[in-house]
Amino acid sequence: MFELVEKYINGKLTAEELARLRSFFDTRSAEELTAVMRKIWETNDGRPAPTEEQLRRMKDKIDAHLGMERESLPKEKTHRLTLSDWLLRVAALLLPLFVVISLYLMDSNREMNNQMKNSLTFVTDKGQLATVNLPDGSVVELNQDTKLEYNAAAFRGSERRVKLEGEAFFKVKHKEDASFVVGMEDAEVTVLGTEFNVEARRKKGDVTVILEKGRLSVAAMKTRKSEMLSSGDIAVVNRRTGNIAVTTVGKVPVRVDWRNKSLVFQNAPLKEVLRELTEAYGTGFKLGRIRNNYRFNGVLPTDNLSEAIKIVSESCNLKVRRMKNGFSVSDL
């Protein structure tokens, strides 16, 4: 019923809807109307109710406006009534306190509605990438299965803020007087201008930040602890404990470079290499007879399985055979 009241206020009711609204008020007692108003009020996100004085002033304005409209109408009409005529004929019936409160709600929510119009959300599905240009000139590259949200109006203030779920690479335009904040469920990244990658997927127990250029701050929401990163640093935020571990890219055994469709390994055990290939391609690897403790250094593609297997087998002198449910890996 509240939707009909809003449409009435905006002059968009059809004749059928107007009849329904009029019937609603005609068939309800004052107590029932009060109960309806109270229910609507309780769903108003906790906003304060208007005072008696505010209600009186609003109703006076409405009555005055409708009085002027009525005076402008001819006393007699012989043609079919228009929608505006219908609204004016029943205006007196449709202006109890219920309508006044509706107007107050619409006015109090106007600023919120304006902000919502400036809110933007970008979502990528599995296998889909996207690039988002922000109002300040910064650029965000979204990995698959990722959501980025921001409010354009916020970029005119002293803090540029976005919300991330998934993984993205940020190229933030430097602004000395406006920090750039990436908000996540369990962590927050704050910079002035730099290039970095953030992975914050719900299914993973950690939030990972890789800094390519500049400096930035990583904070854990659970503990409010923070760490400063320099170029080449990686920060891993444990969602459960709120602890932040900082190291350098060169010391990380496995790194997914999704922008270049590759896996980067630094002295990684063979089992870890095959585990990453399994996740990237969805195929299994079964280890056969392996005499040596093989470790792999190099880059493997994530979009060409045959090429990835060839690189691993030649680098480690291994035999890889295709099986019914994946591949078998053994010594030559």
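Asn-317, placed just after helix H9, takes a positive phi of about 55°. The model is predicted. Helix H9 covers residues 305-316, and a set of its residues is buried, including Leu-305 and Cys-316. The points below take up H9, a sheet of three strands, Ser-328 and the nonpolar cores.

**Helix H9 and its surroundings**

- H9 has twelve residues and reaches 17 Å from its first C-alpha to its last, close to the expected 16 Å at 1.5 Å a residue.
- The buried residues of H9 are Leu-305, Ala-308, Ile-309, Val-312, Ser-313 and Cys-316.
- These buried residues lie on the same side of H9, because they cover an arc of only 125° around the axis.
- Ser-306 and Glu-314, on the other side of H9, are exposed.
- The cover over the buried residues of H9 includes one helix, H8 (270-281).
- It also includes strands E16 (284-287), E17 (295-301), E18 (318-323) and E19.

**The sheet E14-E15-E17**

- Strands E14, E15 and E17 form an open sheet in that order, with antiparallel pairing.
- E14 and E17 are the edge strands, each pairing on one side only.
- From one strand to the next, the twist averages 5°.
- H8 packs on this sheet and touches E14, E15 and E17; the direction of H8 makes about 160° with that of E15.
- Strand E14 (residues 254-257) pairs with strand E15 (residues 262-269) over four bridges, in the antiparallel sense.
- Within this pairing, Arg-255 stands opposite Val-264 in E15.
- E14 and E15 form a hairpin with four residues between them, and Lys-261 in the turn has a positive phi of about 55°.
- E15 and E17 are also paired in the antiparallel sense, over six bridges.
- Phe-265 stands opposite Gly-298 in E17, while the bridge partner of Ser-262 in E17 is Pro-301.

**Ser-328 in strand E19**

- Strand E19 (residues 326-331) contains Ser-328.
- Ser-328 has 9% relative accessibility and therefore counts as buried, the cut-off being under 20%.
- Leaving out residues up to four places away in sequence, Ser-328 touches Lys-286, Lys-319, Val-320, Arg-321 and Met-323.

**Nonpolar cores**

- The largest nonpolar core has 31 residues, of which Phe-170, Val-189 and Phe-196 touch the most other members.
- Strand E5 (residues 159-171) gives the most to this core, with four residues.
- Apart from the largest core lies another one, of 20 residues, with Phe-296, Leu-305, Leu-318 and Val-329 among them.
- Val-189 is in contact with Phe-180, Val-181, Val-182, Met-184, Phe-196, Val-198, Val-209, Leu-216, Ser-217 and Val-218, leaving aside neighbours within four places in sequence.

How values were computed: Residues are numbered from 1 along each chain as its sequence is written. This is a predicted model: local features need pLDDT of at least 70, side-chain atom pairs count only at pLDDT 80 or more; totals for chains, interfaces and linings use all residues. Side-chain values use heavy atoms; hydrogens and water are left out. A nonpolar core is a set of buried Ala, Val, Leu, Ile, Met, Phe, Trp, Tyr and Cys residues joined through side-chain atoms within 4.5 Å. Buried means under 20% relative accessible area, exposed over 50%, partly exposed in between (1.4 Å probe, protein chains only). Helices (H or I, at least four residues) and strands (E, at least two) are DSSP runs, numbered from the N terminus. Contact means heavy atoms within 4.5 Å. The expected span of a helix is 1.5 Å times one less than its number of residues. The arc is that of the directions from the helix axis to the C-beta atoms. Two strands pair if DSSP finds at least two bridges between them. Axes are lines fitted to C-alpha atoms, for helices over the stretch in contact, and angles run from 0 to 180 degrees between N-to-C directions.
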